[in-house]
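Here is a friendly walk through one chain, from its overall build down to a few residues. Take a look at the sequence and the structure first, and then read on.

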Amino acid sequence: MIKLYLSIVVLCFFSMVATAQNRTIRGQVSDAKSGETLIGVSVLVKGTTTGTSTDNNGNYTITVPSNQAVLQVNYVGYAKQEVAVGSQSQVNIKLAADDQELNEVVVIGYGTVKKRDLTGSVVSVKGEDIAKVPSSNPLESIQGKVPGVDITRSSGAASSISSSGAPSSGVNINIRGTRSISAGNGPLIIVDGVQYSSLQDLSPNDIASMDILKDASSTAIYGSRGANGVILITTKKGISGQATVSLNSYYGISQVARYPSVMDGDQFINLRREAFRATGNWASPADDVSIFNSAEYAAVQNRDFVNYQDLLIHDGSLQNHQLGIRAGTEKTKVYFSLDYLDEKGILKLDRSNRYTARLNVDQTIGKIFTTGLQGQFTHYEQSARRDPLNQGNKISPLGRVYDDEGNFIVYPLAGTFVNPLADEQPDVYTNEGVINRTLLSAYVELRPFAGLVARSNVGANLNTDRIGTYADRYSIERNGSVPKATYRASNSHLINIENFVTYNKEIKDHAFTLTGINSLLFNRNDNISASGENQLLKSQLFYGLGNTQNQAVVTSYGMNNLVSFAGRINYAFKGKYLLTATGRTDGSSKLAEANKWAFFPSAAVAWRVSDEAFLKDNKVVSDLKLKFSYGIAGSDNIDAYSTQSSLTRIAFAYDDAAVPAYGYSPRIGNVSLTWEKTKTSDIGLELGLFKNRITATVDYYDSQTYDLLLNRSLPPSNGVTSVIQNIAKTRNKGLEVYISSKNIESANFQWTTNLSFSRNREKIVELAGGAQSDVLNSWFVGSPVQSFYDYEKIGIWQTADAELAATYGQKPGDIRVSDLNNDGKIDATNDRKIIGTNRPDWTGGLENTFSYKAWDLNVYLFARMGQTINADFLRRYNPTGAENSGTIINYWTPENPSNDYPRPNKNVSLASTLYNSTLGYVDGSFIRLRNITLGYTIPKLTLEKSFIKSVRVYATARNPFTYTKSGRLDQYDPERGGSESSPMTKLYTFGLNATF
């Protein structure tokens, strides 16, 4: 691969020395309708970097290499045009207004619609824009680019195996806030017509478009499945004519973006000394022998210090190679691709290999039949590890990793903590996963006469995965206990059968599109988990559970079905008065017998104001559309069998002899469960200025969710602990803005800017029984679903305040919190408040793209402002000095009257420190340089005599810089949300895109 990259670079160099027989062409460019000459029109010789712009009179002069030259003429607001020069020396060009953007097709549920006729809130992202950001998950590529869509990375690990052992995408996505409290909030993802939750399986280079449906009018066609928004993925299709082969390849180095450091040996020694000085047990270094054990004291004297972070964290890598072939005839079109992705994490044993194959075939049979197949197979081989950084961050930095003979020291300083590097030793720890996912979709389409289309789809999502672990006696997990092995396996399939009919008809000024749908969804899954201890041979890993002791086996099965009927009408009068009305009925097996069925209606209207006579030829406003929608969506996003009470095995004995016994599971069934519902209104406008040189979309929405499927706590005296009920209400209101500007478009230089802004206000409106709060779950009426409720830290008690501190039972050096009701005492009932929420006040993105001749530069900034995080590293403080602490811990002493952290004390642990929970809250606002890419495209004239059609080489930096509002986060990436495990990364890549 290195040789290939070098050869491309050499080709780039020689491309700059091509010569030809030149001659001069002159001409004028004008508006095809008005005849007005156009200033600043870009005129470029196709396949070269030779270009110019028209002057103040619309005239241009350009040098062409031959009579075969073709001029590419481009001007903002006008359709691009190509003109063959031939033998002419004077070439005058007339440009027509460009309606291409308005005529672009947007994918909606069970059909498509021109952008100009769209009534709902739908955002379409092109596949090439998704592929700009190197990532293992396409969702990361659109972070901040789509208003109303909040995307965060939940882990920096390469492996998608979560701590629970289940496969995970590592990416969180939320569309227009959190509606449910206990039920799921993730959007519905549809790939080529089939429900598919594992978007990380897709290669960005296979995606033709991604359409995000946000309002009730757009999502209503999916009924209960679309309550939290819908993401529609359309993959690439074959093309007729000459076959095209594409190669997309990159290799990159990943590094820790920001990670909080720990105290070094000297800082740790000072912490220990201060903890003992506070109790009168240390006065000078001469007392060290009494506060350190013999092993520790020897390390102090010899200055044997270890930085475990440096030993655990390494550079990782990410590489992706994709080969795609598009071919076909007028009757048969084929797209085939192979993709390989290899991600090596920043921690040893953390690695993921993904192999993907895709085949899309479309076949026309006769004049009225079309059939096709879309298929994808994805295979993962992954290695994960138990997080070693928690151990590495708290273990004493004193001592050594290896003894004088080079042997690994399992228990440093003869302590109780296993060495953080233990899992990296041979035959100590294994966590391997094999995941297979198959996505199949077949269709047959009938077009018996003009306007009528009948189509049947059958889709299948087939998944199998196996995850096995082995932890030796001296692994971090076992810490001296007997070895343990586990084996988890699952099988699942989702079958989706859909039949729909679409009829289009135009009668003079009236245009109709009628759609009728029937959908059946069958979902099955089974799981097994087995474990055993103290197996005979290490080499058996997790394959010899029959040879273990204390064996345990758990199996489970789940099934649910969904049956749906839906209808939709799209109506347009004179192309400027638009109406969409949708109704869908869903029947869910998850809900109570009498409540399985529900009807979800929606309607949307739009007015194309710019098509009215008073704006028809306006030179400022080129496009203006006002729109409004209202609808009701439902959700059954809970576990199957929530209406049923189940039995579970419990410990029981007669006369000291164990016997089988069963009792109710902690969560009892609810035979009255019904749909969770959300009613949403949306008002918006779409605006184009100066022949759409500037375009903007603005949406304001209000979503009210009621009959929430809420997991309600019950008194233990009932014999059960919880039940899911239809109680509580939430509300989300928000504003979304998207602005796109073509700042400069000349022959050699182009500059475009895209700005997105989202602001959502989420709150709980009502809780069970009319209560204003549920303190146990941190739910409060008027606040977001996830809020931090605690005492308010205002500093540390200082020496000058000793008398006042004493009235609260405290002393200088203790944490000081607000007495909110000023009653002279601190109590949990009256002196706690909502400190903040992890929901941002607003998110936004700013993207600038520059092109100069063959060079292109893309710079993208992302901001997430106003959220609070509860950071683990801010509470990584051991005031007893027994364990290590973070370097950020600026603790109070009489000589250092800090307001940050309480005084160390060998007798007071962090857990017993009063108000210790207040130490971790911090403003998590950040602005990030999300992506910067510099590329060079080899001129086509250089390649015209070769089999290569195009080559582009590029370098990309992902997440290279982050600014945080709080200085306390200078060493932490707030996107991680507060956790210290699986640190976030930045990535530097070099790659190429080539077509043949």
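Let us start with charge. The chain carries 99 positive and 94 negative charges, and their mean positions lie 7 Å apart. In this count Lys and Arg are positive and Asp and Glu negative, while His and the chain ends are left out. Each charge is placed at NZ of Lys, CZ of Arg, CG of Asp or CD of Glu.

A word on the ground rules. This is a predicted model, in which local features need pLDDT of at least 70 and side-chain atom pairs count only at pLDDT 80 or more, while totals for chains, interfaces and linings use all residues. Residues are numbered from 1 along each chain as its sequence is written, and side-chain values use heavy atoms, with hydrogens and water left out.

**Overall build**

The chain holds 11 helices and 53 strands; these are DSSP runs numbered from the N terminus, with helices (H or I) of at least four residues and strands (E) of at least two. Its radius of gyration is 32 Å, close to the 30 Å that the globule rule gives for 996 residues, so the chain is as compact as a globular protein of that length. That radius is taken over C-alpha atoms, and the globule rule is 2.2 Å times the number of residues to the power 0.38. The C-alpha trace spans about 100 × 70 × 65 Å along its principal axes.

Of the 996 residues, 51% are buried (under 20% relative accessible area; exposed is over 50%, and partly exposed lies in between, with a 1.4 Å probe and protein chains only). Among contacts with a separation of 6 or more, 69% join residues 24 or more positions apart; a contact means heavy atoms within 4.5 Å.

**Buried residues to find**

The table gathers three residues by place and relative accessible area.

| Residue | Place | Relative accessible area |
|---|---|---|
| Gln374 | strand S21 (residues 369–383) | 4% |
| Thr837 | strand S46 (residues 833–837) | 13% |
| Asn959 | strand S52 (residues 950–964) | 9% |

What does Gln374 touch, not counting residues up to four places away in sequence? Its partners include Asp192, Lys237, Arg358, Asn360 and Tyr443.

Thr837, leaving aside its neighbours within four places, is in contact with Pro784, Gln786, Ser787, Phe788, Gln867 and Thr868. Thr837 and Lys729 are 108 residues apart in sequence, and 18 Å separates them in space, C-alpha to C-alpha.

Asn959 has a positive phi of about 60° although it is not a glycine. Ala728 is also not a glycine, and its phi is positive at about 85°. Ala728 sits in the loop between strand S38 (722–726) and strand S39 (729–745), and is buried with a relative accessible area of 5%.

**Aromatic rings**

A pair of aromatic rings is described by the distance of the centres and the angle of the planes. Rings of Phe, Tyr and Trp (its six-membered ring) pair if their centres lie within 6.5 Å; planes under 30 degrees apart count as stacked, over 60 as edge-to-face and the rest as tilted. The count by this rule is 23 aromatic pairs. One of them joins Phe573 and Tyr577, which are stacked at 6.0 Å centre to centre with 20° between the planes. Phe573 is partly exposed at 25% relative accessible area, and Tyr577 is partly exposed at 33%. Elsewhere, ring pairs link Tyr110, Tyr222 and Phe500 into a cluster.
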